[in-house]
Each structure stands twice: as structure tokens, then as C-alpha cells.
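Dear colleague,

I am handing over the structure that you will be looking at next. Please open it alongside this message, and then read on for what was found in it.

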Amino acid sequence: MTSSTPFIPHLIDGEPVGSASGARFDTVDPYTREPWAQVALGGAEEAARAVAAARRAFDHGPWPRMGFAERGAILHRLADLVEAHADELGGADTADMGKPLRDSRGNDVPRSALNFRFFADHARLSTGDALPMDSGHHAYTRFEPAGVVAAIAPWNFPLMLETWKIAPALAWGNTVVLKPAEDTPASASILARLALEAGVPAGVLNVVHGYGPDSAGQALTEDPRVDRITFTGESGTGRAISRAAAANLTPVSLELGGKGANLVFADADLDTAVSWSIRAIFANAGQVCLAGSRLYVQRPVYDEFLERFAAAADALVVGDPKDPGTDVGPLASYEHYLKVRGYVEGVEADGGKLRTGGLGDGWVVRPTVVVDVPGSARVYREEVFGPVVVVRPFDTEAEAVGLANDTRYGLNAMLFTENLSRAHRVAAALKAGTVWANCFFIRDLRAPFGGVGDSGVGREGGTFSREFFTEPKAVVMAI
Ligand code: NAD
């Protein structure tokens, strides 16, 4: 590290600050495999300071007391600034976790701006119930901000998933302490700076960097001054956070892991099915909670589909994420690369075959298609979180549904068929928070988003975010 190495501070009460101890950690570019910036390493002390700032801003500051239109205008200004700083924000996520710049700058940044615009408008236009009662009383609902929100984020869509939490929390008048993933600190600090510039008052959005267990993350989940914890990450971490939150009865929203099933029926439009199935597992190098990592194909089209799917996987461009032509970059960190490599190396011992793919140079796993794998194999049952898909044939619709639901996860599923009745029937039978039919990844931010089983607790999006980030109050008046 040289004196010109960028430094990424916390942002507490409107001020960029280092840690009290001066401790720092490196953030590493997974393509060059070199550290590119140093980051303030927060712990319990920094988490406590950030919560105190958020508490003050909530209890005494203007933000929760502002009208929806005024707060919404500030959030729209923030969305404008996010768009205007697309290069900086997209570049930060690409440097931190190796996602192609085309995706970070081209998808995640616009979607992050949309998160602010959508929730600003949704809160302003949201209406509660008015309930005239037979007794002559009149009841109605108010949605009051919950208070201080701790938002704990993963590294796979850093800015996009952080804003998915921050935007509704702020729109409803809460104050926030964000703990970005340790592998992806940079875009959060830029965002917090832009929020101040947009007019979000000091203390309303704080960012603390650090790790999870015995570090800033855990400290936030144990702090009794926190009113809501919104977490996205692994299912095991979700359990630890639930336990910590239980001590203070703090409500938690958990968006966790997945092992998405993708069903291709013989009557599907195969062009559509191949192209979405490729994106479903190889976008973001498979580091997507929604990844279609279990692909089931009906036997009459199995050989043809597999041929076309494997050829399309081979045609993806693997390389430098800063190159606009790159489809698949490296995995996000060395630790994560080792995990995914372990699954690929274990395929044959577990009885499966690599149809295509395998390990690449550096921290790269090439788009990998696994066939003939028994249902007991680790790669088949566990969330790999990399560009690795298992493909199996099926015969009947009932068998396909049974295979799809045979998992402890339940975040999402996809199905491809030209039979309308089948699409509705199978969508209803699948155990999943979201089902996509003849498409993938298309989102309406009003829709519930979340999972069943090990994929999470609760839903976010539209009114579902409102329920979580507010304290709905009933007022009953005698008339
Ligand atoms: P992770 O659980 O390791 O870490 C997520 C965050 O939690 C990080 O900020 C980390 O520092 C923090 N953390 C870890 N332990 C903690 C603790 N004990 N207390 C408080 N904070 C703690 O997850 P990850 O590896 O960053 O992300 C990948 C996982 O996230 C995958 O399982 C993926 O499926 C899941 N994910 C889910 C969704 C969804 O919407 N359901 C979206 C994206 C990712």
C-alpha cells in the first residue's frame, strides 16, 4: 500500500471518520488479485457511535417529522446523483467484487436509483385503511416510522441490495446504520456522501465498515437502540442474527440463500428457455441468490436442450470485468473462489460429470454444466453461489414439481412452457417466494420479495416494505 492508496472511511453523523483504533483492512480487486483500497475497520465502538447518531437523528432531527413530499424530493435528488455518479459507483462495485462493469454500471446503478424513486413515490402515495364501524366509531391506520434501522448487506449486488433496504427505510422516515459486506465497502461510502449532498440530514444514513461475527455486524444486531434489522445474506448468518435480535425482541427481515429450480417442459419455446436459463445461472458469475442452479428438462427435449444450453455456456466471454465485452468475471474473493472450486472438484467423486466448464485462470470458474449427478451430491443439494448448474431430465409434471420442491430453500423457481394452464398450475404448486414463467429476473417493486424455508423470513417490496419499516397504528374515534 502506498500513500496514494484510496481510503474508505465510515460515515457517522455526516462525517467521514476512521476507526478509533486506526484499524484498517484491505479491499481486494478479484481480477487483479491486488488490494486496491484500504477500509476503516469498525467494531463495537463504531457501531455504537453510528447507532447513537441515528438515534439522535430519529428522536430529535427533522427527517421523521418531514412531510412525504419533502422527504421524497430529497430521495429523488439522491436518485439523480446516483445516476450522475454511475461510473464511480459501478466502478467501485466492479473493483470490489469483479462483477462486469456492464452489469454494475448498466444494471445495478439504474436499479439503485429506481429503488429511491419508487419508494419515495410509494410512501407518498400510500394510503391506509379507513374503517367506518357499525358502532358509529371510525377507525383508521397510520404508518409511523419504526425508528433506527440496521441494514446488513451481502457482497453480490452491493449497491443494489443496500438501496433496496435503505430506500424504503428512509422513505418511511426512519434513520439507518448500514453495514456493507466486508468485501464490498466502496459503493456504500460513495452513496452516503451523495445522500448528504442530496439533503439527507447528518445522522440519517450512517455507514460502518467491518466484519460480521464479533465485529460491527454483530454489534448492530445486539444493540437495544436498534428498532429493525434488515439482513440479506447466508441462511446460517440469518440464524445467528435471529438469535441476537431475539434478546431485544427486535423485528428482523431475512432475505437468505437459494437453490432455484428451473423447469423446462417439452412444449417450451426452446430459444426463450435456453437464453433465460443461461442468464439465470451465469449472470454475475452465478453469485445470485435467485440463480437457477437446478435445471430440470423434460425428457423429449433433454438432449436438444442440453446441446444448445452447453454451447451457449461455452460461448460466454470470460475475462476482465472492466472490458465491455465480458459476460463472466472472477468470483468475488479468494475465499469464495475456494468454496466454489471445492464444489467443482467434488463433482466426479460425488458421481456426476462435467458436461462443460471447470476452473479458469486466477479466481475464475468457467460456466460449468454438471450432468448425471445423484440427488445426494453436495453440488446438487447445497447453494454453490457460483457459475455451476446441475441438469437432470424428468418425465411428468408431478415429478418435476416434486424435484423442484425437494430442497430446504424456497426463494424462487422458473418454468418454461407454452401451455397456459400448466404454467398457472405449476406456479401454484412450487414452494417459492417468486415464480417466473417464460422469463427470469423481471421485477415489479410492488410485488412481495422473499423466500420460504431456509430462504428467509418476511417479505420486502411495496406495501410489504411498508409493513416492516413502519409501526402501523390503529386510531379509533368516537364520532
Ligand atoms: P454472509 O451471510 O456471509 O454476509 C452477509 C453480511 O452479514 C455481511 O455484511 C457480513 O459481514 C454480515 N455478517 C456475517 N455474520 C454476521 C453476524 N453474526 N452478525 C451480523 N452480521 C453478520 O453472506 P454473503 O456471503 O455476503 O452473501 C451471500 C449469501 O447471500 C448467499 O447465501 C445468497 O444467496 C444470499 N443472498 C440472498 C438474497 C436474497 O434476496 N434472498 C440476495 C443476495 C444474496
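The notes below go through the domains, the ligand surroundings and one sheet.

Please keep in mind throughout that this is a predicted model.

To begin with the overall division, the protein is split into domain 1, which covers 7-257 + 455-473, and domain 2, which covers 261-437. Taken over C-alpha atoms, the centres of domain 1 and domain 2 are separated by 31 Å. Where the two touch, the contact takes 17 residues from domain 1 and 22 residues from domain 2. On the side of domain 1 that touches domain 2, helix 3 (86-97) and helix 4 (101-125) each supply at least two residues, and helix 4 gives the most, with three residues. Sorted by class, that side of domain 1 has seven nonpolar, five polar and five charged residues.

There is also an annotation taken from a record: in an unreviewed entry, UniProt places the feature "domain: Aldehyde dehydrogenase" at residues 21-475. In the model, the end C-alpha atoms of residues 21-475 lie 49 Å apart, and the span is 42% helix and 21% strand.

Next comes the ligand, for which a useful thing to ask is which residues are the closest to it. The ligand is surrounded by 31 residues, and the closest are Pro154, Gly212, Gly217, Gly233 and Thr237. The elements that give two or more residues to this shell are helix 7 (216-222) and helix 8 (235-246). By class, the residues of the shell divide into 14 nonpolar, twelve polar and five charged. Domain 1 and domain 2 each contribute at least three residues to the shell around the ligand.

Finally, please look at an open sheet formed by three strands in the order 6-7-21, with antiparallel pairing. Strand 6 (130-132) and strand 21 (470-478) each have a single partner strand and stand at the edges, so one side of each is left without a neighbour in the sheet. From one strand to the next, the twist averages 20 degrees. As background, the strands of a sheet pair through backbone hydrogen bonds, either parallel or antiparallel. Here, strand 6 is joined to strand 7 (residues 137-145) by three bridges, and the two run antiparallel. If you would like a particular pair to find on the screen, proline 132 has histidine 138, in strand 7, as its bridge partner.

With best wishes

Definitions and conventions. Residues numbered from 1 in each chain as written. Predicted model: local features only at pLDDT ≥ 70, side-chain atom pairs only at ≥ 80, totals over all residues. Near = placed C-beta within 6 Å. Helix = DSSP H or I, 4+ residues; strand = E, 2+ residues; numbered from the N terminus. Nonpolar A, V, L, I, M, F, W, Y, C, P; charged D, E, K, R; others polar. Domains from an automatic or database assignment. UniProt positions renumbered as here; feature names shortened; annotations may be inferred. Contact = placed C-beta atoms within 7 Å. Pairing = 2+ DSSP bridges. Axes fitted to C-alpha atoms, helices over the stretch in contact; angles between N-to-C directions.
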